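User: Please take a close look at one part of this model for me. I would like the surroundings of the ligand, then one residue away from that topic.

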Amino acid sequence: MHNLIFFGPPGSGKGTQALRVAEKFRFIHLSTGDVFRREIAVRSPLGMKVKDVIDRGELVPDSLLIELIGDFILKYQTAQGFVFDGFPRTLPQAEALDSILKVHRSEVTCALLLEVKEEELIRRLVNRAREEGRSDDTEEVIEKRLVLYHQHTKPLTDYYTSSGKLEVVHGIGDIEDIFRNLCKTINKRIKAEFR
Ligand code: ADP
C-alpha cells in the first residue's frame, strides 16, 4: 500500500493535483475538506457538528479527523494506495496517521508540499470565492486559514523532513507541468519502496 500525503496552504492547488494523481495511480483519493462539505450539504450529524468551525476557517478537532481516517483506511484496506488531501494538518494528526498505517503494516510513502508564495495564494483564493462561492472563502476567513496553516500545518515540514519523507514541489505555473513534476517525484519514491 502506498500512501501519498498532499499538503500546502489553502489555494496551493493541492485538491486539483491530488485528484489527478489519484486517478493516474489508481489510488483512493480522500479529501477531508470534501468529506466535510458533503456532510454539511446533506445536513448529517457530522456535517452539523463541523459547519460553524469550517465557516469560521478554524480547524476541526484532531480526534474527529483521526477517527474519520482510521475508519476510512479500514474500509479500503485492500486498496493499492491512498492519496490524503488536506490530512494530516496538525502534528497530532501526522503522528496518528503513522500509527494507524503501522497497524496495517504500511507507512507514508512521501509527503508532497506544494509551494506557492503568499500573494499568489491570496489572488487564487479571492478568485475562487468569486467563482465557486465557498462559504469559507471570504477575505477574513481566508486570512484566518492562512494563519492557522502557518501555525499548525507548516510545522509538518520539519516532521516529514526528519523522517526523510518530505518532497517540495513548485506549485506555480502550468497545471500540467506541476502534475508532471509531481508524478516524477512520486514514481521515484514508489520505486525506492520496492528496493
Ligand atoms: P483548504 O485547503 O482550501 O483550506 P480544504 O478543503 O482542505 O480547504 O478544507 C476546508 C476546511 O475543512 C478547513 O479549513 C478545515 O476547517 C476543515 N478541515 C479539512 N481537513 C482538516 C484536517 N485535517 N484537520 C482539521 N480541519 C480540517
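Analyst: This is a predicted model. Start with the ligand. It is surrounded by 19 residues. The closest are Lys14, Thr32, Arg37, Glu58 and Gln93. By class, the shell holds seven nonpolar, four polar and eight charged residues. Helix α2, which spans residues 32–41, gives the most to this shell, with four residues.

Now the arginines. Three of their side chains each place an N or O atom by a ligand oxygen. For arginine 37 the distance is 2.8 Å. For arginine 145 it is 3.0 Å. For arginine 134 it is 3.3 Å. How much of the ligand does the protein bury? Taken alone, the ligand exposes 550 Å², and the protein buries 96% of that.

Next, histidine 2. This residue sits in strand β1, residues 2–7. Is histidine 2 buried or exposed? Its relative accessible area is 11%, so histidine 2 counts as buried, the cut-off being under 20%. What does its side chain pair with? The side chain of histidine 2 makes a polar contact with the side chain of glutamate 193, at 2.5 Å. Glu193 also appears among the contacts of histidine 2 once neighbours within four places in sequence are set aside. That list further includes Ile190 and Phe194, along with Phe27, Gln80, Gly81, Phe82 and Thr109.

Conventions. Residues numbered from 1 in each chain as written. Predicted model: local features only at pLDDT ≥ 70, side-chain atom pairs only at ≥ 80, totals over all residues. Heavy atoms only, no water. Near = heavy atom within 4 Å. Polar contact = N/O pair within 3.5 Å; in protein donor to acceptor, adjacent residues only side chain to side chain. Areas by Shrake-Rupley, 256 points an atom, 1.4 Å probe, with all protein chains shown as cover. Helix = DSSP H or I, 4+ residues; strand = E, 2+ residues; numbered from the N terminus. Nonpolar A, V, L, I, M, F, W, Y, C, P; charged D, E, K, R; others polar. Buried < 20%, exposed > 50% of the residue type's maximum accessible area, 1.4 Å probe, protein only. Contact = heavy atoms within 4.5 Å.
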